[in-house]
Amino acid sequence: MHSLRKSDAGVNKIEVVYARPHRSWAVELELATGVTAADAAEMARNAEPFMWVEDLDFVGLAVWGKEVPPTYVLRDGDRLELLRPLPVDPMEARRRKAEAQRS
């Protein structure tokens, strides 16, 4: 795992965000160059305010809205988004809405 020490050469500032329908959390981390999205997500999980989020559950990672693999190497200024599971499949939600409108 990579260090959070500011003295490391090549420090990148990364914002990590997690959102639920009525609340969101964010933390800025200073990470050594070469840190992956999975590493940063784990570091954020153990940092304020994420350590206080009950049932912090994410199923994917994105950088600026574009899904990335856990091995994606973060760059200075990246915004890492922790993607939560969808409560309902979008196709199923559209089907239910169409049925309700027909009724």
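## The nonpolar core

The largest nonpolar core here has 21 residues, and the ones with the most contacts inside it are Val 16, Leu 29, Leu 31, Leu 61, Leu 74, Leu 80 and Leu 82. Keep in mind that this is a predicted model.

Who pays into this core? Strand 1, strand 2, helix 1, strand 3 and strand 5 each put in at least two residues. Helix 1 is the top contributor, giving five.

## The sheet

Now for the strands. Five of them make up an open sheet, in the order 2-1-5-3-4 and with mixed pairing. Strand 2 and strand 4 (66-68) sit at the edges with a single partner strand each, so one side of each has no neighbour in the sheet. Going from one strand to the next, the twist averages 30°.

At the strand 4 end, the partner is strand 3 (residues 60-63), and the two pair in the antiparallel sense over three bridges. Within that pairing, Ala 62 stands opposite Glu 67 of strand 4.

## Helix 1 against the sheet

Helix 1 packs on the sheet and touches strand 1, strand 2, strand 3, strand 4 and strand 5 (79-83). If you're after an angle, the helix direction makes about 120° with that of strand 2.

Which residues of helix 1 are buried? Ala 37, Asp 39, Ala 40, Ala 41, Met 43 and Ala 44 are. The cover over the buried residues of this helix includes strand 1, strand 2, strand 3, strand 4 and strand 5.

## Thr 36, in the loop before the helix

Thr 36 belongs to the loop between strand 2 (23-32) and helix 1 (37-45). Is Thr 36 buried or exposed? Its relative accessible area is 17%, and the cut-off for buried is under 20%, so Thr 36 counts as buried.

Setting aside neighbours within four places in sequence, Thr 36 is in contact with a run of residues from further along: Pro 70, Thr 71, Tyr 72, Val 73 and Leu 74. Leu 74 has come up already, as one of the residues with the most contacts inside the largest nonpolar core.

## Val 11, in strand 1

Val 11 lies in strand 1 (residues 11-20). With a relative accessible area of 27%, Val 11 is partly exposed. The bar for buried is under 20%, so Val 11 doesn't make that class.

How far apart are Val 11 and Val 35 in space? They are 9.9 Å apart, C-alpha to C-alpha, with a separation of 24 residues in sequence.

How values were computed. Residues are numbered from 1 along each chain as its sequence is written. This is a predicted model: local features need pLDDT of at least 70, side-chain atom pairs count only at pLDDT 80 or more; totals for chains, interfaces and linings use all residues. Side-chain values use heavy atoms; hydrogens and water are left out. Helices (H or I, at least four residues) and strands (E, at least two) are DSSP runs, numbered from the N terminus. Buried means under 20% relative accessible area, exposed over 50%, partly exposed in between (1.4 Å probe, protein chains only). Contact means heavy atoms within 4.5 Å. Two strands pair if DSSP finds at least two bridges between them. Axes are lines fitted to C-alpha atoms, for helices over the stretch in contact, and angles run from 0 to 180 degrees between N-to-C directions. A nonpolar core is a set of buried Ala, Val, Leu, Ile, Met, Phe, Trp, Tyr and Cys residues joined through side-chain atoms within 4.5 Å.
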